Amino acid sequence: MNDVHGRVLSVADGGVTLLRPGGVVAFMEMDPGAARPGDLVVGRAGPGGVVALEVVWRHPTGEFPAPGSDAARLAAPRRWELLRRRAELLAATRTHFRADGFLEVETPLLVPSAGTEVHLDPVRVELAEGPGEDRAVRWLITSPEHHMKRLLAAGAPAIFNVGKVFREGERGRHHRAEFTMIEWYRPFSGYEAIMDDCERWVAALAGGRREIVFRGRVLDLTPPWPRLRFYDLLRERAGLTRPEELDPEAQMAAFVDHVEPTLGHERPDFLVEWPIAMASLARPKPGDARVAERFELFAGGLELGNAFGELTDAAEQRRRCEADNAERREAGRPEMPLDEAFLAALAEGMPPSAGIAVGFDRVAMLLLDAATIDEVVAF
Amino acid sequence: MYQTSDIKKGLKFKMDGAPWNVVEFLFVKPGKGTAFTRTKLKNLLTGQVIERNFRTGETFEPVDIENRNVTYMYNDGEHYYFMDSESFEQHPVGETALGDSVNWLQDNMPCDILFYEGRPISIDLPNYVELEITYCEPAVKGDTANNAMKSATVSTGATVLVPLFVENGTTIKIDTRTGEYCGRVSK
């Protein structure tokens, strides 16, 4: 009879509707006694089972849940189910990468430099790190990339990281300023290996299902997923004859208007070989310096992740960071401090590597068929 | 001026000389590039729906558009007259702004009229009206199973397709959005 406890949702003749921990709603055929909505109750055993409800906490008004409260939000149908299944996806992710030989690493969220990427705005914080110290500027990471690469330069094996990242000014049905990212790297590896990782990881999360339904459309997960080249799609889907000759801004506009909305609807798509100007941390493709070893993964209309064959040349990386800052200056936006510790690590020799950052919340949306990112987080 | 961050469902603004209403929107930032807001917009004059992407930083002109609760009064052969429920002012509205709605207007019917720069441009009627059939061919008995329909004239003068079994003088329920028969009303 231990399961008779919870929150009273409603009281009717001959019974009580209880919200049990974990979001299970149960109707108990019994005398409600003094219980009223909002009360926390436990069943008291007697001859023949539970005979009475004891009110262990009395709700002050009996009007439950209060509009706008956590309880009201999480009382929506499926919310606890989604949170439970999200936790399972996270556990399955860790199991998958550990079994594949990856080491889980933790990296700082609060850093002296959060990178220079032109269109990412890190959150600025000020803090005194010790008693009596002056307040210093720190940043919340937009991705654990720099620290993971420092680990690779220091001899790390294949590594993965699961954690929170922060991006100022990003909010929408698929965006939150604070979100959960899973990022992984393989040293001495090309970015094709990361595509294979994606296929196997998502298959593991889908629990053997070859097809899933997302937002009413069937998504076929059967590998290998299509590899589509950026410039090919600008030609085929945006109708451009010589997309290579456009400036990056015009390429991006054509991509947003005509290509991105078409990606990943029937099968997940890898969009590969991005213009070099759109890949500040990727290395040029061997044999074609106009494009970078960068891919993005799209599935169900969601942009899930971004991957690079990593740039390991310290001098070239410094030049690109400075170019980012020049572009920021021109646009009237704040320049970002260069991450000297990261650049120093590259100068020590980082093995040729590939890695990817994936928005875990969006993967959860995809596999749990959620319409918004807010449905797959508690707060 | 509106910013892209003001975009939400139902936001109305002026663009290319026309009033638009946001039907759908989505914040996107693909490829770690500039942020965009994808929108589906409805032209409030023509009803045309278009897709348009706005870059963060673009601005929009507010539009002089107002919804007013009114009651239908009468028509004088040229205009249809509605009384404003708040100001009690009378608004004459031409047939073009009313479209198919003229088929269902009844005295004292509560409606919403949308005004663009002071001009009435569209009307919202209640979703259903009940009207009496003033003329139709006699009912065909025993033919309730198939979907055959016949034409009937209702008290406003409009014609509606009704099932064969419906009789002259019956009051029927009509969906004003589609002009379709929804059933008989028992009086």
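How many disulfides does the structure hold over all chains? The structure, a predicted model, holds zero disulfides over all chains. The legends below describe close-up views of selected regions.

**Figure 1. Overall dimensions and secondary structure of chain A in the predicted model.** The secondary structure of chain A comprises nine helices and 19 strands. Along the principal axes, the C-alpha atoms of chain A fill a box of roughly 80 × 60 × 40 Å. Chain A has 379 residues, of which 48% count as buried.

**Figure 2. Domain assignment of chains A and B.** In chain A, the assignment gives domain 1 (2–66) and domain 2 (77–376). A distance of 47 Å separates the C-alpha centres of domain 1 of chain A and domain 2 of chain A. Chain B is divided into domain 1 (2–62), domain 2 (65–124) and domain 3 (128–184). For domain 1 of chain B and domain 3 of chain B, the C-alpha centres lie 42 Å apart.

**Figure 3. Cysteine environments in chains A and B.** Over all chains, zero disulfides are found. B:Cys136 is in no disulfide, and the nearest cysteine sulfur, that of B:Cys182, is 17 Å away. A disulfide requires a pair of cysteine sulfur atoms within 2.5 Å. B:Cys136 counts as buried because its relative accessibility is 4%. A:Cys321 also counts as buried, at 8% relative accessibility.

**Figure 4. Strand β18 of chain A and its pairing partners.** Strand β18 (residues 302–309) of chain A is largely enclosed by the rest of the structure, because eight of its eight residues are buried. Strand β17 (residues 288–299) of chain A pairs with β18(A) in the antiparallel sense over six bridges. Within this region, A:Leu297 stands opposite A:Gly305 in β18(A). A hairpin is formed by β17(A) and β18(A), with two residues between them. In the turn, A:Gly300 has a positive phi of about 60°. β18(A) also pairs with strand β19 (residues 353–359) of chain A, in the antiparallel sense and over five bridges. The bridge partner of A:Phe308 in β19(A) is A:Gly355.

**Figure 5. A salt bridge between chains A and B.** A search of the whole structure finds 48 salt bridges over all chains. In one salt bridge, the side chains of A:Glu117 and B:Lys32 meet at 2.6 Å, N to O. A:Glu117 lies in the loop between β7 (110–111) and β8 (123–127) of chain A, and B:Lys32 in the loop between β3 (18–28) and β4 (36–43) of chain B, so the pair joins two chains. Both A:Glu117 and B:Lys32 are buried. Side chains of opposite charge can pair when their charged atoms come close.

**Figure 6. Salt bridges within chain A.** A:Arg235 and A:Glu244 form a salt bridge in which the closest N and O atoms are 2.9 Å apart. A:Arg235 is partly exposed, with a relative accessible area of 31%. Its partner A:Glu244 is likewise partly exposed, with a relative accessible area of 26%. Both residues belong to a network of salt bridges that links A:Arg229, A:Asp232, A:Arg235, A:Glu244, A:Glu273, A:Lys285, A:Asp288 and A:Arg290. A further salt bridge connects A:Arg294 with A:Glu296, the closest N and O atoms being 3.0 Å apart. A:Arg294 counts as buried at 1% relative accessibility, and A:Glu296 is buried with a relative accessible area of 1%.

**Figure 7. A nonpolar surface patch on chain A.** A:Leu40, A:Val56 and A:Trp57 form this patch, and together they have about 260 Å² of accessible area. A:Leu40 is placed in strand β4 (residues 40–46) of chain A. With a relative accessibility of 30%, A:Leu40 counts as partly exposed.

**Figure 8. A:Asp196 and A:Pro224 in chain A.** Helix α4 (residues 191–205) of chain A contains A:Asp196. A:Asp196 counts as partly exposed because its relative accessibility is 37%. A:Asp196 and A:Pro224 are separated by 28 residues in sequence and by 7.9 Å in space, C-alpha to C-alpha.

Methods:
Residues are numbered from 1 along each chain as its sequence is written. Chains are lettered from A and ligands numbered from 1 in the order in which they are written. This is a predicted model: local features need pLDDT of at least 70, side-chain atom pairs count only at pLDDT 80 or more; totals for chains, interfaces and linings use all residues. Side-chain values use heavy atoms; hydrogens and water are left out. Patches are made of residues with over 30% relative accessible area and no salt bridge: like charges are joined within 9 Å, nonpolar side chains (Val, Leu, Ile, Met, Phe, Trp, Tyr) within 5 Å. Accessible areas come from the Shrake-Rupley method with a 1.4 Å probe; for residues, only the protein chains shown count as cover. A salt bridge is a side-chain nitrogen of Lys or Arg within 4 Å of a carboxyl oxygen of Asp or Glu. Helices (H or I, at least four residues) and strands (E, at least two) are DSSP runs, numbered from the N terminus. Buried means under 20% relative accessible area, exposed over 50%, partly exposed in between (1.4 Å probe, protein chains only). Domain bounds come from an automatic or database domain assignment. Two strands pair if DSSP finds at least two bridges between them.
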